[in-house]
Amino acid sequence: MTLVSNWKAVITRAASVWFVLAGLLALLGFFFATFSPDMVGWSPVYFAAASALFQTLAIPARIVFQIGLADLSQFRRDQRGALKSRSLGIVAGSGIALSTALAFIGGWEGLRQEAYRDVVGVWTVCYGKTKQVAPGDRYSKAECDQILAAEIAVYETALDQCLMATVPLGMKIALVSWTYNVGVKAACASTLVRRANAGDLVGACNELKRWNRAGGRVWRGLTQRRYSEMQMCHAALKETT
């Protein structure tokens with residue numbers, strides 16, 4: 001039997017490991033509290049707290065690390081250059097932030113597990129995936145979640161190539177959501193990014209509402225999404241003042 005080359009990463013990052021540790025700590029706390037209360041100086045409360053901590057760590061581990069270390073490595077080597085020279089951003093690099101972005105972007109994109117044509121006729125699947133999609137393609141929800149998590153990393157890092165301003169987390173999630181929807185090229189050439197880079201973060205947030213068209217038409221769903229992104233953007237700025 002041969003160990004996989006990244007066995008250390010697999011052991012330390014697997015969600016199941018954190019759950020097992022949490023369970024062991026809970027059992028130890030129960031044993032000492034029930035059978036040997038005088039054999040240890042720790043209160044059972046400490047075991048319960050530590051168990052809860054490990055269970056909490058398992059959540060981002062499940063969302064982030066188990067999307068596939070090989071897949072993330074491939075994205076970092078992407079020839080488009082988005083991940084060649086920069087590390088993951090503040091959204092993709094944080095389990096809690098990424099889970100927020102997954103819920104926000106996934107909620108607006110909507111989950112469709114079988115390929116379909118979008119409003120402008122582009123073949124789409126999962127949470128708005130359009131690259132290398134063909135009629136008849138089908139994915140499980142877990143596969144769609146993995147695709148979205150990996151694409152968030154790609155889109156955020158690509159946006160970071162042109163967004164030089166430091167922005168609060170909520171604003172970054174809103175801008176990654178917008179970039180995911182309109183594309184990196186359009187985002188980086190936008191007045192929104194120019195305003196942000198000039199230090200006008202409020203003005204940059206206000207620009208989001210202008211991006212509510214597809215195929216030359218104003219769409220109600222896009223208008224609602226842009227206002228939701230704009231609200232998240234402004235709320236993040238208020239929290240930092």
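**View 1. Helices α5 and α11 run roughly antiparallel to each other, because their axes make an angle of about 165°, and anything over 145 degrees gets that label (under 35 is roughly parallel, 65 to 115 roughly perpendicular, the rest oblique).** This is a predicted model, so local features need pLDDT of at least 70 and side-chain atom pairs count only at pLDDT 80 or more, while totals for chains, interfaces and linings use all residues. Residues are numbered from 1 along each chain as its sequence is written, and side-chain values use heavy atoms, with hydrogens and water left out. The α5 and α11 axes sit 11 Å apart (axes are lines fitted to C-alpha atoms, for helices over the stretch in contact, with angles from 0 to 180 degrees between N-to-C directions). Helices here are DSSP runs of H or I with at least four residues, strands are E runs of at least two, and both are numbered from the N terminus. The crossing is right-handed, that is, the near helix is turned clockwise from the far one by less than a right angle (anticlockwise would be left-handed). From α5, Phe104, Ile105, Trp108 and Glu109 touch Gly221, Gln224, Arg225, Ser228, Glu229 and Met232 of α11, where contact means heavy atoms within 4.5 Å. That splits into 4 nonpolar, 3 polar and 3 charged residues (Ala, Val, Leu, Ile, Met, Phe, Trp, Tyr, Cys and Pro are nonpolar; Asp, Glu, Lys and Arg charged; the others, Gly among them, polar).

**View 2. α5 also meets α7, and this pair is oblique.** Their axes come within 10 Å and cross at roughly 40°, again in a right-handed sense. Ala97, Thr100, Ala101, Phe104, Ile105 and Glu109 on the α5 side face Leu169, Ile173, Val176, Ser177, Tyr180 and Asn181 on α7. Count 8 nonpolar, 3 polar and 1 charged residue here.

**View 3. α6 and α7 are roughly perpendicular.** The angle is about 100° and the axes are 9 Å apart. α6 brings Leu148, Glu151, Ile152, Tyr155, Glu156, Leu159 and Asp160, and α7 answers with Lys172, Leu175, Val176, Thr179 and Tyr180. The tally is 7 nonpolar, 1 polar and 4 charged.

**View 4. The largest pocket has a volume of about 830 Å³.** On a 1 Å grid over the protein atoms alone, a pocket is an open set of points with protein on both sides within 12 Å along at least five of seven lines, and lining residues have an atom within 4 Å of a point. Points join across faces, edges and corners, and the volume is the space filled by probe spheres set on them. Of the 30 lining residues, Glu109, Asp118, Asn181, Leu222 and Arg225 lie nearest the centre. Elements giving two or more residues include α5, α6, α7 and α11, with α11 giving the largest share, 4 residues. By class, the lining has 13 nonpolar, 8 polar and 9 charged residues.

Technical notes:
On a 1 Å grid over the protein atoms alone, a cavity is a set of points where a 1.4 Å probe fits but cannot get out, and a pocket is an open set with protein on both sides within 12 Å along at least five of seven lines; lining residues have an atom within 4 Å of a point.
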